[in-house]
Amino acid sequence: LLGQTRFGLREFTTKDEKFYLNGDRVYILGGNPPFGNFDYGYRQGRRDIAFNKGNWYRYALKLYRESNLNSIRVHNGPTSEIIYNLCDETGLIVQDEVSPQQIKKKKSKTATLIADTDMTKYLNKDGGFIPEYEKLLYRFVIDRYNNPSVCLVTGGNEIDSDDLEKQKGQAEYMDSFYKYV
């Protein structure tokens with residue numbers, strides 16, 4: 001249906017380093033399934049879904065759930081909306097990720113961009129984000145706001161570094177990220 005929005009409520013909480021979903025203790029078991037992220041950013045959904053022959057995504061997520069896994073990590077940026085909706089249908093908990101590297105992936109798909117560790121280039125002098133990344137982050141939050149399967153959002157992929165200057169920049173970036181989200 002055109003104009004339809006899926007909406008749901010779930011309460012995710014932690015207490016004494018334990019995870020609770022709607023008040024019930026849950027052990028999070030999952031991984032990084034390879035589907036739904038064949039291209040980066042918000043464009044890939046059209047191509048992925050067009051080739052979803054035989055409802056492959058629903059079948060794959062159902063098998064994932066039947067294997068006693070209850071969580072997936074969407075890595076290297078958001079995936080298509082159908083994956084989030086199918087996760088909701090199958091009862092999977094989603095750890096989502098928005099990466100500033102998505103800005104540059106439009107031009108290059110090298111591994112160095114995926115594991116970019118210099119996070120200061122995404123910050124402006126006031127400690128906020130550069131406009132290009134803020135626009136991406138805003139779109140990400142708006143798109144995921146009502147989805148009940150998303151319980152955790154992370155602000156980057158493989159952004160750790162042994163370089164002390166880069167670590168300082170990463171701390172500033174993560175501080176800005178969590179203030180924004």
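Me: Buried means under 20% relative accessible area, exposed means over 50%, and partly exposed is in between (1.4 Å probe, protein chains only). With that in hand, how many of the five residues of S6 are buried?

Reply: First, a heads-up: this is a predicted model, where local features need pLDDT of at least 70, side-chain atom pairs count only at pLDDT 80 or more, and totals for chains, interfaces and linings use all residues. Residues are numbered from 1 along each chain as its sequence is written, and side-chain values use heavy atoms, leaving out hydrogens and water. Strand S6 covers residues 93-97. S6 is mostly covered, and its buried residues number four.

Me: How much of the chain counts as buried?

Reply: Here the count runs over the chain's 181 residues. Two of the buried ones are Asp96 and Arg144, and Glu97 is another. For the chain, the buried share is 41%.

Me: How many helices and strands does the chain have?

Reply: Both kinds are DSSP runs numbered from the N terminus: helices are H or I with at least four residues, strands are E with at least two. Going along the sequence, you meet them as β-β-β-β-α-α-β-α-β-α-α-α-β-α. Tally them up and you get seven helices and seven strands.

Me: What is the order of the open sheet of three strands, and which strands stand at the edges?

Reply: Strands pair if DSSP finds at least two bridges between them. In this open sheet the pairing is antiparallel and the order is S1-S2-S3. Each edge strand has a single partner, so one side of it is left without a neighbour in the sheet; these strands are S1 (12-15) and S3 (24-26).

Me: In S2, which residue is the bridge partner of Lys15?

Reply: S2 spans residues 18-21, and S1 pairs with S2 over four bridges. The two strands run in the antiparallel sense. Across from Lys15, then, sits the S2 residue Lys18.

Me: Which are the edge strands of the open sheet of four strands?

Reply: This second open sheet is parallel, with the order S4-S5-S6-S7. Each edge strand pairs on one side only, and the two are S4 (30-31) and S7 (150-154).

Me: How many bridges join S6 to S7?

Reply: Let's look at a few residues that face each other. Gln95 of S6 is opposite Leu152 in S7, and Asp96 is opposite Val153. The two strands run parallel, and the number of bridges joining them is four.

Me: In S6, which residue is the bridge partner of Ile72?

Reply: Now we switch to the S5 and S6 pair. These strands run parallel too, joined by three bridges. The S6 residue partnered with Ile72 is Val94.

Me: How many salt bridges does the count come to?

Reply: A salt bridge is a side-chain nitrogen of Lys or Arg within 4 Å of a carboxyl oxygen of Asp or Glu. Glu97 and Arg73 make one of them, at 2.8 Å from N to O. By that rule, the count comes to seven.

Me: How many residues apart are Asp88 and Arg10?

Reply: Their side chains meet in a salt bridge, 3.0 Å from N to O. Asp88 is in helix H3 (residues 81-90) while Arg10 is in the segment before S1, so to speak of distant parts of the chain is fair: they are separated by 78 residues.

Me: Asp88 or Arg10: which counts as buried, and which as partly exposed?

Reply: The cut-off to remember is the buried one. Arg10 has 27% relative accessibility, so it counts as partly exposed. Asp88 has 16%, so the buried partner is Asp88.

Me: Which strands hold Glu97 and Arg73?

Reply: Glu97 is buried at just 1% relative accessible area, whereas Arg73 is partly exposed at 21%. Their side chains meet in a salt bridge. They are 24 residues apart, and their strands are, for Glu97 and Arg73 in turn, S6 and S5.

Me: Where do Asp96 and Arg144 lie?

Reply: These two form a salt bridge whose closest N and O atoms are 3.5 Å apart. The pair ties together parts that are 48 residues apart in sequence, because Asp96 lies in strand S6 and Arg144 in helix H6.
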